[in-house]
Each structure stands twice: as structure tokens, then as C-alpha cells.
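Reader: Could you take me through one chain of this assembly and how it meets its two neighbours? I'd like the contacts and the strand pairing in one go.

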Amino acid sequence: MTHTPTYDIAIIGGGIMGCATALRVAEGGMSAIVLDKDDLGQGASGVNAGTLSLQIKRVKLMPYALRGHHLWEQMGDAVGFAKTGGYTLAFNAREAEMLQERQTLKAQAGAPIEFVSNNALRAAEPHLTQKVEAASFCPEDGYANSSLTGQYYRGRLRDAGIAYREGCKVTDIGHSAGFLLTTTTGQIRASRVLLAAGAWLKPLAALLDVDLPVNARVNTVSVTERIPTLMGSVIGHATGLLTMKQKANGTVLIGGGWQGLGTPQDGRGTVNADAVKPNLALAQYAVPALAKARVTRSWTGFEANVPDFYPLAGALPGVPDAYVLGCVRGGYTIGPYIGQLMGDFILGRDPELPLFDPGRDFTKDTT
Amino acid sequence: MIRLVPNQATQITRSEKVTFTFDGTPVTGHAGESLVAALMRAGYLALRNAPNDAAPRGAFCGMGLCQECTVMIDGQVVEACRTGITPGLTVERV
Amino acid sequence: MADHYDIAVVGAGPAGGNAALAAAQAGLRVALLDEQPTPGGQVWRDKSASILSAPVTPESRAGAALRKAIETSAVTPLSQIRVWDIRLRDDHWVLQAQRAATSQEITSKSLILATGAREYVQPFPGWTTPGVIGLAGATALFKQSLTLPGKRTVVSGTGPLVFYVASEIRRLGGEVAAVVTPNTRSQWARALPDMLGQPKLLARGALWVADLMLARVPILWGHAVAQVDGAEQVTALKVRNLRTGTDGPDIAADSLCIGHGLIPNIEAAQILGVAVRHDPSLGGWVPDAAPDGATAIKGLYLCGDGCGIRGATAAGLQGSLTGARAARDLGRDAPTSPLARWHKADRFGRAMTALSLPTPALEALTTRDTIICRCESLRCTDIIDEVATGAASTNAVKSGRRAGMGPCGGKYCQSAIATLIAAQTGKSLADVPPPTPRPPLRPVPLGQAAGAFEYDALPISKPAPL
């Protein structure tokens, strides 16, 4: 009889949340293994635009985002962290009104957001269009390099002595006196499981006969080749449909949640030129000199969500010792922090901030 | 000496010569030929510097894929191998 | 308003050109798109406008015949057009294209991709020095501009292309300092049976070699260029005997044309969802397509070197088969041709591709300090270090080091990186697939990708929940 490796917890999904939770439970003395069907950090954690902006976070998630920012700053160069400050722009009266209303609420929730004059904006970002109607600024905003997520957490897991398997897809989860996972690289036993598979949570939870109402957005990001400096801060749009920053290497990264095609079940999703074009148009409208910059790559990532757009973070309903973490709007920013909270919860400690019950009624706003 | 592959260089006729500038220096080539060919004949092989190590680079794939021969024309990065020369064209290094 | 066609053919080489002709003969409205000013592709590339007259060659004759056939057909050639994205929208294909400073959409019921090949060059010290160009790049220079890469050129590489390039340098009045080929004479002898089916090509190759020998140009069989010297441009190079590992004396030269086989341009097919498989005898990763171009995706066809390196003859034949198949699938009458000729050309093509494959001895030329990713100036050590810390796929190495994130999109480094990953992890090359392909297919100026727009007409959706 072959020996089946056994762990205190098997974490399915090697993105930021799964890895951050693994690090926390390992600190607490649990033996953990992280499983990913692809490579670590190649899902949403590794292909998002890397924006760390409090100005685009949900009001109720602001305390989590503030703590998330702090963690990213600590990770520093290893994840390409840069605190540049960020401007959010409104180009007409309607957008200005929206900006005023939304950023005021976010400021009240603790984000150091202020409204800035046209002169101040122009002095800071001389390449911006003249057509700005209103702008807000948050000095805490910046970005990290999401491409480095896999490399970073691979190193962290290795340094912490935590096992991980890449290219390991979980095809079945047996449940009686612990869990028996059948995977494409063999069987694994664990006393607990954490489902942290992002956009693939729904089929994963189905293996435990739980129906999670998880949908996936297909967010698009584009990048230009290296160009001379056109912007120093993160640039956003009042609607959230543009996020843009120029990296230290001169490339300009353009996102904003424009929708690509495909579903998580199909594979990786594909870019939809019909969505990329207005995304790029908006970028060009904000910084006209971008028109001549060559776009070298566009890609998509699946962003999971549930109907109320709040996180799934807690016990998996109806399955003892099973947990779920995902669907965090602003998950790149908040991921490292909410992973710690999740780890504390699994360790039986009181999390610093409340988690989000995956068994709640998703049709109501739980605020 | 017997040549199985004859030298046909003298049997080629080319269009009139035109002058363009590369980084401010006048260069002559034949109207309509590729910028890479004209620059190569004029001895300009290093067209740009690579990022990170600033090493000189020049035309490599010759078919618009490798992006090694990029130059700047009218503020736009273009591949020299896919650009035809015209009189007075102003070409700059990226 | 978009231009709508029954069939859009991307790539106007022997495969795409013949596919377009066959489809048009069946009465369909066909657009033939290519980046070059006129059809011909790489192998039958046309002379530029700067060449008023020049001696005819087999390539120029074949290219002229294809161009004439297209001109006198109902095919609509769309030249100097760059397709940067292709997508299925409802029941038709949408091609985003850039032409000069404008952008346009072209739509079609069916799509034929004839995207051809690019060159593989095994990285070695100094290969990024100006004056080192690809063998295929050299042929482009000869065919389009009738221009030499330098005054004294070393020609090096695998397969038949090395002799063609050397011969063309001599025809255009240049000096070939040496021909350096990793292939041995016995490798060529073993390929002979597969080549007998194409006697004309065989005879031409024999003539190139005989001419070089008569002219006393050194042909170094079983050798490779191991290093290029020169800061701003090539001044000299070192040649290594691949069997003994010993280096010969430096060869003075101002230019080097070098190539180690061709790689199919599969990115467009991959993005559209065609499965790919690893087949070394076809140049590496190839998309699944039938001899008549059909794929698992309705209305999508592939032909020519883009679905496996078989050479111009096979490409032309497959193009005709594909155009006819696509026409039949759209309900037109088009002849079904026997596959015998194609199979013969396929056999020849595979034999030539096998001769061109990089060998372990060739791969050993890549030193730890050699640049692998030209765009990002990443060295072999950078890749090795990333793999050593656990990155076991091309995607992981790309994410961690930006290898393949530069403007070429990994076209000139991914094969070498896959080889390094395979060697270090003990995987077979078939288990190290290329990274996820991403549009645009070519770099595209942002303003042209965005197209003309009015701010108020942008589809601004309602903002995310507060």
C-alpha cells in the first residue's frame, strides 16, 4: 500500500489568498499543502493590473484595504511595490458629481482622499488632458507588479517549509473523517480543506456538494512598450473604467475592468477587441500622448464575485472543517490581509476584523 | 574562374537616389527601398540600444517581428525593415 | 463600416495566395491580407519599388506568377495591412487591422490563416551584435532590396537555407568568407531518399554547393559559430567543431547570416483556440490541422508553414486544398484534389526540417552569459536562476523575469527558454508548452488600436457597487 501524504490542511488554489492563508496557518503550527492546477499566482493574482488604490475600493472594505496596503508596502521590492499616489479623474459634470459623492464616502471610511484643483493636478501630471472637470487624490495609492505574485509566494512558501504542488488539479474530494483529495498528481489526505480557487470556486465547491453562487468577470489589461515618462502617479477614472500607471521600466499598464470573453471552465478567457478599444480610447483621452505608444500585449484574468459583491471568507456551509476564501472585490489589494484573517479563523483565533459568512443570503446587501 | 552562380550585381538597375536623415546625418538611398537596406549600405548597423544593458542592436529578423530595428519617425516607433525611404524623411533613434 | 467578405485569408505567401485563388475560383468573395506591399510571403517576397530591373530567379519567377494570378483573379488583395487581433463575433470572424496610420475592421464568414514561419537562432555569445542577421532575414534583404548584409559575410546554420543564402550573396556580388554548418555530410546523405521526390530542388542545392567549392569558399561541415566579436558591429567570429569541441582560428568578417531552422507562427491559431502539439519534424509546436486545412473550429482553416514547416511547395499545395475545402464548406463547388503530391512535398519538407533542428551540441553553444531574451536583455543565467527557484513553465519564467514580455512578444526567445526549462527540470520539450499567447499579434500604436472615437460615445457602463 502506497503512503498517502497527510496534512492538517490542504489549500486548493495557489493565488495570493491561498498562499497568504497557508503562511498564517503554518505560523500557527499547522502543516499545510497548497495545490494549484496551473502555476502559483497565474490566475487573477498574477494577471490583474496591480493597482493598489483606495479610491476604487468598496466603502465597507476600506478597513481591509488600508491594512492590505500596509502589507504590500512591507513586501516592497520583491513584489515591485511603488507608492506613487493616485489621481481619479472626471471629464464631465455628471462624472464630477459621481466622483464627489463616492470619494467623500470613501474618505469618511478612512481613505486619505482629497479633492485637488486643476492647477495642482496639472503641476503633478503635465501630460494629462486639459479636459479634466474634477479630480481626487490619494497619497496612499500606488501599484505592485502582479506578474511577480507566483515568484514571490513560491519563495515565501519554500522559506516557510510549506509544501506546494503546481500543475495539480483536484478532481475529487472524499469526505469522511477528514478529506481525501484525488488530484492529477496523486491522492492527498488532510484534516481540513480551504477552497481558495478564485473563479474556479463553484466547480470546486460542487465536489463537496455545495453550490456557491460564484460568477466570474473577465477583466482585461493592456500594456505598452517602454516609452518616455508620461505619468508619475496612478491615474483612474471616476467610473473605475480606467486604471493606468507607468512602471519604472517605462511601460504603461492600462486596465479598468473591461470585459473579455470566455468562462473559467473554458480555460483562460480571451481578449475582446471590442472592449479593449474603448479602454485604450479612455486612456488616450486622459493622456493624449499615449496615442503613439505601441501596445504590445493585452490579456484577461477572471475576477470571481458573488451577487452582493462582498467576499466569501469563512466556513463552507454544511461541511465541517471546510473553508472558503475568495470573491474579494479589490482582492489583489486585500488578499494578503484577508488571507491572514482566514488563517486566524482556521487556527481558532479571533480575526482582527470580521470575516464574511459564505452562508449568508446573497440577495441582500449585508451592510 | 568558372562560376556556377554568376555575379549579377551589374545587371540590377535601381531607382534615383534620395536623401533622408538618420539622427540628423544625411544618408542616401534609393527611393522606395527599405530603410534597413539603405542604412545598412551606409554603414549604420547599430540602430538602437537595448534596455537594461544599453548594448547596441540592429536589424535581425528582417520581417517585422523581432523589433530590433525600430526607429522613430514623426514621433512614432516603426520597424525600419518595413519602412520605405522617401526624400527628406527624418529618422531618429528611439 | 466594416468590409465583409466570404473568406479572409491572412498571409499572402504560397499557402495563403493559393488558398485565396482556389476560394475565389469557386465564386467566393475573398480578401487576401498581408503586411507586405504585394503578395509573395517571405519565400516569394517581391522587389521593392527601388529595383527597376533585375535578373530573374526561381523565387522571383514563382512570386511574379502568384502575383499575376492574384491580379487577374477576383481576389481582393489588401496589402500593407497588419492584422493585430482576430475574434469570432456571433457567426463571423472580425479582424482588427492597421494600415498606414488608419485602423479598420474586416469581417468574413470563414477565415484561413497562412501565417508562415519565423526563424530560430540558437543563442550564442555575440548573437545580438549588429551585423548578425537571420538567414531568413538575409533572404528578405536579397529579395526585396537586392542588398548585401556586409562586404565579407560568414553564412552559418542548419538545413538547406544556409547554402541558398551563401549562393545569393555570391550572385549579388558579395564575398562569402565561409559557410559554417552544424550539419554533417552524412546527415545530408541520410536525407537523400526523402529528397529524391523533389529533383529540381535537389539539383539546385547541389549546384549551390558545387559553386561554393569551385570558388574555394570554405564549407565547414559539423561546425558552428560559437562567438561573435565586435562591440558596435561584427568584426570577427569563432568557429567550433561540434564533434571535437575545438575552436578554429578566428574568421574576419563584418557580417554573419545565421539560422537554425524555422518555427511556425502559431499564435493567431492558438488565440482562436486551436489545440497545439509538439512535433519536432514540423518545427516544434504546431496547431492541429488537416492536409486540407480544416481545424476543429468551424470556419477556421490553417495552411502552409504556419501549421508545420514543410516548405514552399507543400505550402502552395496545401493552400489550394484549403481554399477549395473552405469553399465547399460554404456550399460552393470546388475540386477535391488527390493528396499524393502533398504527401510527397510533406516528406521532403519534414526531411529538410529534420536537418534544421537544433541538436544538443548546438544548444551547448549557449553560455551562461548569453542573452536569451533580446527584448529584455535577459541572460541564460537569469532564466536558469528563475527555474532553480521553482518556475517550471514558460508562463512562470515569463511572469517572473519578463522573458517574452518585450515588444517581440517572445517570438525570438520562447523556444530557447523552453529548451532550458526542459533541460533543467528533466521534462520533455513536449511537456513545456509555449506561454499563453496574447494579442495584439504585432505591436500596434495605441491610438490606432483605439480608433477614432468621441468621448461621449464611449460605452461607459455604470460604476462598480460602492
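Author: Here is a walk along the two sides of chain C, one neighbour at a time.

This is a predicted model, where local features need pLDDT of at least 70, side-chain atom pairs count only at pLDDT 80 or more, and totals for chains, interfaces and linings use all residues. Residues are numbered from 1 along each chain as its sequence is written, chains are lettered from A and ligands numbered from 1 in the order in which they are written, and side-chain values use heavy atoms, with hydrogens and water left out.

Let's start with chain B. Contact here (heavy atoms within 4.5 Å) involves 60 residues of chain C and 47 residues of chain B. Together they bury about 4,300 Å², with 55% of it on carbon and sulfur atoms; buried area is the accessible area (1.4 Å probe) that two parts lose on being put together, summed over both. On the chain C side, S50(C), R374(C) and Y412(C) supply 12% of the buried area, more than any other three residues. R374(C) turns up again in a salt bridge with E68(B), at 2.5 Å from N to O. That term means a side-chain nitrogen of Lys or Arg within 4 Å of a carboxyl oxygen of Asp or Glu, and there are three salt bridges between chain C and chain B.

Strands meet here too: β1 of chain B (residues 13-14) and β3(C) run antiparallel, joined by two bridges. Strands are DSSP E runs of at least two residues, and helices are H or I runs of at least four, both numbered from the N terminus; two strands pair if DSSP finds at least two bridges between them. In this pairing, T13(B) sits opposite S53(C).

Now swing over to chain A. The contact takes 45 residues from chain C and 57 residues from chain A, and the buried area is about 4,300 Å², 56% of it from carbon and sulfur atoms. In chain C, L446(C), Y455(C) and L466(C) lose the most area to chain A, together 20% of what that side buries.

The salt-bridge count between chain C and chain A is three. One of them links E105(C) to K277(A), with the closest N and O atoms 3.4 Å apart. As for secondary structure, β5, α12, β23 and α14 of chain C each give two or more residues to this side, and α12(C) has the largest share, six residues. β23(C) also pairs antiparallel with β17 of chain A (residues 294-305) over two bridges, and there R294(A) stands opposite P445(C).
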